[in-house]
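Here is a short briefing to read alongside the structure. Keep the viewer open, and let's walk through some charged pairs and then the nonpolar packing.

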Amino acid sequence: MKLLDTFVAKVIESSDYTKDDIFYLTNRILALVGEDNAQQETAQTELIALKDELVDLAVANGKVGELAEEKDCLGAELMNFMTPIPSQVNKNFWETYAQSPQKAISEFYDLSKRNDYIKVAAIAKNIAFTTPSDYGDMEITINLSKPEKDPKAIAAAKLAKASSYPKCQLCMENEGYQGRINHPARANHRIIRMDLADEKWGFQYSPYAYFNEHCIVLNTQHVPMVISQDTFAQLLDIVDIFPGYFAGSNSDLPIVGGSILTHNHYQGGRHVFPMEMAELTQQFTFKDFPDVTAGIVNWPMSVIRLRGENKSRLVQLAEVIRLAWRDYSDVQVDVLAYTDDTPHHTVTPIARKRNGLFELDIVLRDNHTSKEHPDGVYHPHADVQHIKKENIGLIEVMGLAILPPRLKDELVEVEKYVLNQYNEMADYHKDWADAIKADHPGANQETVSEIVKQAVGQTFVRVLEDAGVYKGDEQGQAAFMRFVESVGVE
Ligand SMILES: [Zn+2]
C-alpha cells in the first residue's frame, strides 16, 4: 500500500469528502509533507498511524522541524482534513441531540478520539490503581500522558516571540489554531456551543483525559474563575444537558484552586468518583429549605451534600451556604475567613443527577497560611509533599489523585530501599520509606510493588485530610456542625 494514497482513502472514508476530491486532497497533503517519497510503502491502515508516518516523512523532507511540538502542529493539520468544520460539527451535534442526547454526545466524543484530538495512546501510559480507605476506595493515577518537554523545545520556547493570541489554552480562539512551540496545535480542535443559565459557553473534551469522557466547559470570554450563584446554576444545567455526566468547578482562590485561574471553566465527564459513593454521616434540613435533603459526607474533606428535585432551589441554598462560609471564622479550629481585606474562603462545587434527583456537593475551602504551614494550612503538609505538593483541585477533591510523572521512577528506587537493595532513592522519601519498611518486614520481590503502591494511596488519603477544613475527630465534626447551625437548620 502506498502511504499518501492510503491516507487519502482513509480521509475520504471518514469525512464528507468524495472520490472527486482525490486529486485535491493528494495535492494539499503533498504541499504539507513534501513530494519526495510520499508514495512509499506502508503497512499501516489506521488514520492516526498513517498520519504519524506522513509527519515523519515531512521531517525527512525538511517541511517541518523535528521537535514534538512542531510535529504536533503538522499532525493536527493533517487530521483536520477528516474533521468537519466547526459550524458543521455544531449542526450535527444539536440535530442529533434533538433525537438522542446520548447519541450526540457519543458521536462528538468519538470524533474527538478518531481525529487524534484526545490523545488515546498517550493516556493509556498512565499508571492507575485503587487503595481502600475509611472513606471508600480511592483512585490513584501517576500521570504519564503528557510528554516531558525536550530541553531543545524549552530552549526554543524561550526564544519564541511573546504572543498573547490565543490568550490562554481555554479560549475559544484555540479552535483551528495552528499551534507553535509554546502553544498546543489545535487545527483539529472543535468546540460545541451551548447556553448555560442564559450565557453562551463552549464544550470540548480534554486532550489528556484523567477519566472517562473528561470534558471541559469554557466561558466564551477570557474572564477569571469566579464561584457565584451562576456557577451552581450552570453546573446543574450541564448535568441536565449531558445525561450521566457530573460537572464541577475548581475554586476561585490560589492554593485551593486549580492550575488555571485566569479563564473561567468547568470540568465534567462520565465517571463515578469515590466521593460520589461516600455516604452521609449527618443529615439535617436547612431553614426555609424543607424540600432539600442536606447532610455531611463521610469524606476527608469538608463536604455538604444537597439533594432535591428542583434545580433553582438547590442553587438558592448553595448560594446561602457559600455566602455564609465566605464570612465565617472559627478560631477554635483555625478557620479564618479574612486576613485584613484578603478573603480566604471559597468552595469547590460538584453537581450530578442521580435517580432523577439533582445533587450538589459543596466542598468548603480555606486558603490561609501560617508560620507552621507556609504553603497553606489546608494544603498537603510538608511531610507528604514528597508524593504530592500541587494544589488539591476539583479532581483530587473527589478522590482521584493525579500524581506527578517523577514518581514512576522514584517509586522503583523506594521499592529497592524497602528490600535493602542498592538504590538511588531521593532523600525526601526516606522517612516514609522507613515507615513502610517497619510495617512490612517480610516484603519481598513479589509483594513490594503493591506494598509501595498502597502506601502511596494511604499518603493520598493523608493529603486529602490535610486539605479538609474540618477534621474527622469529635472536635472537628462539632465545629463543622457549628458552621451548619450558623447557616440555619430547622
Ligand atoms: Zn482564555
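K91 is partly exposed, with 46% relative accessible area, and it forms a salt bridge with E95. Please bear in mind that this is a predicted model, so every value here is computed from predicted coordinates. The structure holds 36 salt bridges in all; three pairs and one network are picked out below, followed by the nonpolar cores.

**Salt bridges within a helix**

- The closest N and O atoms of E95 and K91 are 3.4 Å apart.
- Both residues sit in helix 5 (residues 86-99), and because they are 4 residues apart there, about one helical turn separates them.
- E95 has a relative accessibility of 47%, so it falls in the partly exposed class, as does K91 at 46%.
- Helix 14 (residues 430-439) offers another pair, K430 and D434, whose closest N and O atoms lie 3.0 Å from each other.
- K430 and D434 are 4 residues apart in helix 14, which means that about one helical turn lies between them.
- K430 is partly exposed at 38% relative accessibility, and D434 is partly exposed too, at 26%.

**A salt-bridge network**

- Shared partners link a set of salt bridges into one network made up of E276, R305, R307, R352, R354, E359 and D361.

**A salt bridge between a helix and a strand**

- D240 pairs with K353 in a salt bridge, with 3.1 Å between the closest N and O atoms.
- D240 belongs to helix 9 (residues 229-241) and K353 to strand 13 (residues 345-354), so this bridge ties together parts that are 113 residues apart in sequence.
- Both partners count as partly exposed, D240 at 31% relative accessibility and K353 at 42%.

**Nonpolar cores**

- Which members of the largest nonpolar core touch the most other members? They are F203, F286, L306 and Y470, in a core of 62 residues.
- F203 is worth selecting in your viewer: beyond its neighbours within four places in sequence, F203 contacts F108, R190, I191, I192, M194, C215, I216, V217, F242 and Y245.
- Another core lies apart from the largest one and has 49 residues, including V363, V384, L394 and V456.
- As general background, nonpolar side chains tend to be buried together in soluble globular proteins.

How values were computed: Residues are numbered from 1 along each chain as its sequence is written. This is a predicted model: local features need pLDDT of at least 70, side-chain atom pairs count only at pLDDT 80 or more; totals for chains, interfaces and linings use all residues. Side-chain values use heavy atoms; hydrogens and water are left out. A nonpolar core is a set of buried Ala, Val, Leu, Ile, Met, Phe, Trp, Tyr and Cys residues joined through side-chain atoms within 4.5 Å. Buried means under 20% relative accessible area, exposed over 50%, partly exposed in between (1.4 Å probe, protein chains only). Contact means heavy atoms within 4.5 Å. A salt bridge is a side-chain nitrogen of Lys or Arg within 4 Å of a carboxyl oxygen of Asp or Glu. Helices (H or I, at least four residues) and strands (E, at least two) are DSSP runs, numbered from the N terminus.
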